[in-house]
Amino acid sequence: MNKIFRKQQLTPYEADYAQWCAEQGALLREGRLSDLDRENLAEEIESLGRSDKREIRSRLGNLLLHLLKWQFQPEKRKAGWLMTIREQRYQIENLLDESPSLKAYPGQQLGREFRMARLKPADETGLNERDFPVDCPYSIRDILHHDFFPGAPWSSDQLIRD
């Protein structure tokens, strides 16, 4: 339980965010709904959903970047790339398990995230941007599947150790 010994006046949202959060939590627990900063509290709750969406987009973009490098630079495949691919998939899966209403969101963002993701490997690899497909060559199902790795077959013996 988060008990807060409040002063007469509640802390304004803009003055001390951490203290404001603690006070709002205490007010909710005590059932003092009329004392809540409803407008800012509603905004904070809504932003939590936006935060999950931002994290999914970020992880999807990073995953796409590494899948492209994996496919288009097989001779430079690194253990770090493999770890990043696995980590991004795992974290996206966790976010979707926690918020099932977002299950379709990665697929909805695929085109947008791919447009940016295809620019990054060109910068990192020295390959030309034209060497990468304009449209995403992978389905969202494949992208999120733990056993999907595009390009030629590989084994962990072929990986460059970072």
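These legends walk through several close-up views of a predicted model.

**View 1. Helix 1 crosses helix 2.**
Two packed helices are described by the angle between their axes and the distance between the axes. Here helix 1 and helix 2 (residues 38–72) meet at an angle of about 100 degrees, and their axes are 12 Å apart. Angles from 65 to 115 degrees count as roughly perpendicular, so helix 1 and helix 2 are roughly perpendicular to each other. On the side of helix 1, Tyr17, Trp20, Gln24 and Leu28 make the contact, and helix 2 contributes Asn40, Leu41 and Glu44. Sorted by class, the contact of helix 1 with helix 2 has four nonpolar, two polar and one charged residues.

**View 2. Tyrosine 13, in the segment before helix 1.**
Start just ahead of helix 1 (17–30), in the segment where tyrosine 13 has its place. Is tyrosine 13 buried, partly exposed or exposed? Its relative accessible area is 22%, so tyrosine 13 is partly exposed, since buried would require a value under 20%. Leaving out residues up to four places away in sequence, tyrosine 13 touches Trp20, Asp37, Asn40 and Glu44. With one of these, glutamate 44, the side chain of tyrosine 13 shares a polar contact of 2.4 Å. You can also look from tyrosine 13 to leucine 41: these residues are 28 apart along the chain, and their C-alpha atoms are separated by 9.2 Å.

**View 3. Tyrosine 17 and tryptophan 20, an aromatic pair in helix 1.**
The model has six aromatic pairs. One of them joins tyrosine 17 and tryptophan 20, with 6.1 Å from centre to centre and 20 degrees between the planes, and the pair is stacked. Both residues lie in helix 1, three residues apart, which is about one turn of the helix. How do the two partners compare in exposure? Tyrosine 17 has a relative accessibility of 41% and therefore counts as partly exposed, whereas tryptophan 20 is buried, with a relative accessible area of 1%. The side chain of tyrosine 17 also makes a polar contact of 2.6 Å with the side chain of glutamate 44. Widen the view a little to find one aromatic cluster, formed by Tyr13, Tyr17 and Trp20.

**View 4. Tyrosine 138 and phenylalanine 148, an edge-to-face pair.**
The ring centres of tyrosine 138 and phenylalanine 148 are 5.6 Å apart, and their planes stand at 65 degrees, so the pair is edge-to-face. An angle over 60 degrees is what earns that label. Where along the chain do the partners sit? Tyrosine 138 is in the loop between helix 5 (119–125) and helix 6 (140–144), and phenylalanine 148 is in the segment after helix 6, ten residues apart. Both tyrosine 138 and phenylalanine 148 are buried.

**View 5. Threonine 11 and the residues it touches.**
Back in the segment before helix 1, we meet threonine 11. Threonine 11 has a relative accessible area of 10%, so it is buried. Which residues does threonine 11 touch, not counting those up to four places away in sequence? They are Asp16, Gln19, Trp20 and Glu23.

**View 6. Glutamine 88 in helix 3.**
Helix 3 (residues 79–98) is home to glutamine 88. At 8% relative accessibility, glutamine 88 counts as buried. Setting aside residues up to four places away in sequence, glutamine 88 touches Arg59, Asn62 and Leu63.

**View 7. Alanine 122 and aspartate 123 in helix 5.**
Alanine 122 has its place in helix 5, and aspartate 123 is in helix 5 too. Which of these residues is buried and which is exposed? Alanine 122 is buried, with a relative accessible area of 11%, while aspartate 123 is exposed, at 69%. Leaving aside neighbours within four places in sequence, alanine 122 is in contact with Leu127, Asn128, Glu129 and Phe132. Two distances help you find your bearings. The C-alpha atoms of alanine 122 and glycine 107 are separated by 23 Å, with their positions 15 residues apart along the chain. Aspartate 123 and histidine 146 are 26 Å apart in space, C-alpha to C-alpha, and 23 residues apart in sequence.

Technical notes:
Residues are numbered from 1 along each chain as its sequence is written. This is a predicted model: local features need pLDDT of at least 70, side-chain atom pairs count only at pLDDT 80 or more; totals for chains, interfaces and linings use all residues. Side-chain values use heavy atoms; hydrogens and water are left out. Helices (H or I, at least four residues) and strands (E, at least two) are DSSP runs, numbered from the N terminus. Buried means under 20% relative accessible area, exposed over 50%, partly exposed in between (1.4 Å probe, protein chains only). Contact means heavy atoms within 4.5 Å. A polar contact is a pair of N or O atoms within 3.5 Å; within protein, one must be able to donate a hydrogen and the other to accept it, and residues adjacent in sequence count only if both atoms are side-chain atoms. Axes are lines fitted to C-alpha atoms, for helices over the stretch in contact, and angles run from 0 to 180 degrees between N-to-C directions. Angles under 35 degrees count as roughly parallel, over 145 as roughly antiparallel, 65 to 115 as roughly perpendicular and the rest as oblique. Ala, Val, Leu, Ile, Met, Phe, Trp, Tyr, Cys and Pro count as nonpolar, Asp, Glu, Lys and Arg as charged, and the others, Gly among them, as polar. Rings of Phe, Tyr and Trp (its six-membered ring) pair if their centres lie within 6.5 Å; planes under 30 degrees apart count as stacked, over 60 as edge-to-face and the rest as tilted.
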